[in-house]
Amino acid sequence: MSGNRAQRRLRTTVLLAPLTLLLAATPALAPASAATRAPAAPPTTSPGNGPATITGPVPSHAEPGDPSHDYVFYSTPFDLEKAGYEEEEFFISGTATRYNPNPTVDEQKQAARPLGTTPYTTRIVVRRPVKPAKSAGVAVVDWQNVTAGHDIDTEWGTSADYYVRNGWTWVGASVQHVGVNGATSGGTAGLGLTEWSPQRYGSLDVTNGGTVLDDSQSFDIYTQIAQLLKGRGKQNPLADLGIARVYAGGASQSGRYLGVYYNTIQPLRHVYDGFLFALSDGNLPPRAGVGTKAIRVFTENDVYRGAGVPAQRVPDTDFLRTWEIAGGSHVPAYSTGTDPDDFRTTLGAIQTREFGEQAPFDCTNPGPSQVESWTVFHAAYDALDKWVSRGTPPRRAEPLAIIDPGPPATLARDPLGLAQGGIRLPDVDVPVGLNDGINSPASLDNPLSSFCVLYGTHRDFTTAQLKDLYYNTNDYRRQVADSVRRLEGQHFLLPEDGKTLITQANKRKLF
């Protein structure tokens with residue numbers, strides 16, 4: 001048992017003992033009901049590193065999906081107990097230095113300048129090994145994506161199984177005002193933490209009472225979270241994890257903010273040991289003068305929409321790798337699934353649990369792409385960690401073949417319509433359907449159908465097409481196994497995940 005956990009249980013025991021004696025001495029008193037008994041307040045401490053105070057763990061008094069919303073927002077359905085993990089939520093408070101969130105090209109060539117300070121109170125969600133001895137001393141701080149108007153666990157949704165099997169700690173960081181206080185207009189308004197559960201999250205605020213709405217506070221809050229993770233103070237409830245390496249991770253809009261952070265804040269603080277930029281096509285590439293190891297992972301959809309322009313397509317260097325996934329989409333099919341027990345369904349069942357059924361999108365093409373891009377993210381995190389901890393550079397990946405960078409880009413395609421080049425998972429290398437990065441809204445009756453541009457396309461091949469490609473089902477399965485072995489040899493696919501793809505192929509009968 002960790003020292004912090006022992007202290008928590010000791011405090012509980014000390015408080016309960018006098019209460020038990022009191023009840024025994026006054027039998028005429030009826031015990032307070034669960035409805036009237038005030039829950040004990042979680043402890044608040046000064047951790048010594050990062051934020052000024054940390055409160056928690058903040059208890060949940062309801063199961064995920066309960067109408068009271070008195071539980072961790074986006075609590076994961078991953079079977080943490082079976083994995084020897086636990087989910088804890090903390091509120092952190094402090095003072096954040098503000099920095100320009102929208103620097104120009106020239107401003108990103110140098111370290112940021114402070115714009116003043118602002119107080120904040122926000123939350124972090126920590127999914128960690130229960131036993132500190134099981135901790136690998138590595139943490140990923142997931143810059144929560146807020147494009148949908150609320151926090152989304154993008155990095156957990158793609159890589160939770162990788163983190164758990166390797167003893168990593170995942171930290172969800174709520175650092176933007178939309179995620180905490182909510183958007184004030186548009187189709188995604190009113191979904192922030194304080195609006196979703198005023199009872200649980202009403203004390204949170206990163207806007208200084210509505211006066212700071214540009215997310216200039218977000219960068220320093222993100223820095224302070226990493227400092228907290230590396231802290232060893234006795235009052236730090238996370239010190240027992242022994243975190244030595246902290247990686248910055250974020251997707252889409254969050255990846256854009258991480259790009260600004262890398263270029264302008266990382267040179268000041270150097271608290272993050274490596275960066276994984278996911279699916280982000282709207283920011284300057286990491287600049288050479290910073291020197292921190294970084295991997296960018298794009299899908300075909302990202303390249304199609306803008307990541308293929310010359311300003312974004314910089315060559316690999318001693319500190320940067322760029323991997324592009326053929327056929328993949330910004331929003332993959334697995335993230336929109338309807339299984340409430342699937343931790344990957346961050347834009348499907350989990351979102352529905354928190355907000356109810358949403359009106360369906362009206363897209364031009366069927367989608368999203370079914371390419372299992374999560375496997376490449378596992379390999380990218382693994383490569384990043386080996387690069388940082390051992391100095392072993394990641395494999396250089398062939399880029400997607402571009403005819404015209406656009407945007408939108410024109411990609412070279414084979415007769416089946418599949419993009420050429422890039423990292424080619426079995427869904428593209430041994431295809432049973434068309435997966436690409438192209439889609440659009442068929443109508444805007446539902447304004448959120450504008451997100452169709454992120455979906456890509458999936459169309460199953462006809463039986464005639466399949467018979468042209470494969471002699472029989474066994475031929476298909478053999479080719480998948482060959483593709484998996486090739487990707488493993490290139491280190492774009494981990495053996496554990498290769499087994500999963502082979503198992504999926506072995507369950508499929510073509511004709």
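Trainee: What makes the 62 residues a nonpolar core, and which have the most contacts inside it?

Mentor: A nonpolar core is a set of buried Ala, Val, Leu, Ile, Met, Phe, Trp, Tyr and Cys residues joined through side-chain atoms within 4.5 Å. The largest such set in this predicted model has 62 residues, and Trp 156, Tyr 163, Trp 168, Leu 276, Val 297, Trp 323 and Tyr 476 have the most contacts inside it. Helix H11 gives the most to this core, with eight residues. A second, separate core of 56 residues includes Ile 54 and Tyr 74.

Trainee: Which values underlie the model and its numbering?

Mentor: Residues are numbered from 1 along each chain as its sequence is written, and side-chain values use heavy atoms, without hydrogens and water. Local features need pLDDT of at least 70 and side-chain atom pairs count only at pLDDT 80 or more, whereas totals for chains, interfaces and linings use all residues.

Trainee: Why does Thr 264 count as buried?

Mentor: Buried means under 20% relative accessible area (exposed is over 50%, partly exposed in between; 1.4 Å probe, protein chains only). Thr 264 has 2% relative accessibility and therefore counts as buried. Thr 264 is found in helix H8 (residues 253-269).

Trainee: Why are H11 and H15 called roughly antiparallel?

Mentor: Angles run from 0 to 180 degrees between N-to-C directions; under 35 degrees is roughly parallel, over 145 roughly antiparallel, 65 to 115 roughly perpendicular and the rest oblique. H11 (residues 374-390) and H15 (residues 495-506) pack at about 170°, with axes 10 Å apart, and are therefore roughly antiparallel.

Definitions and conventions:
Helices (H or I, at least four residues) and strands (E, at least two) are DSSP runs, numbered from the N terminus.
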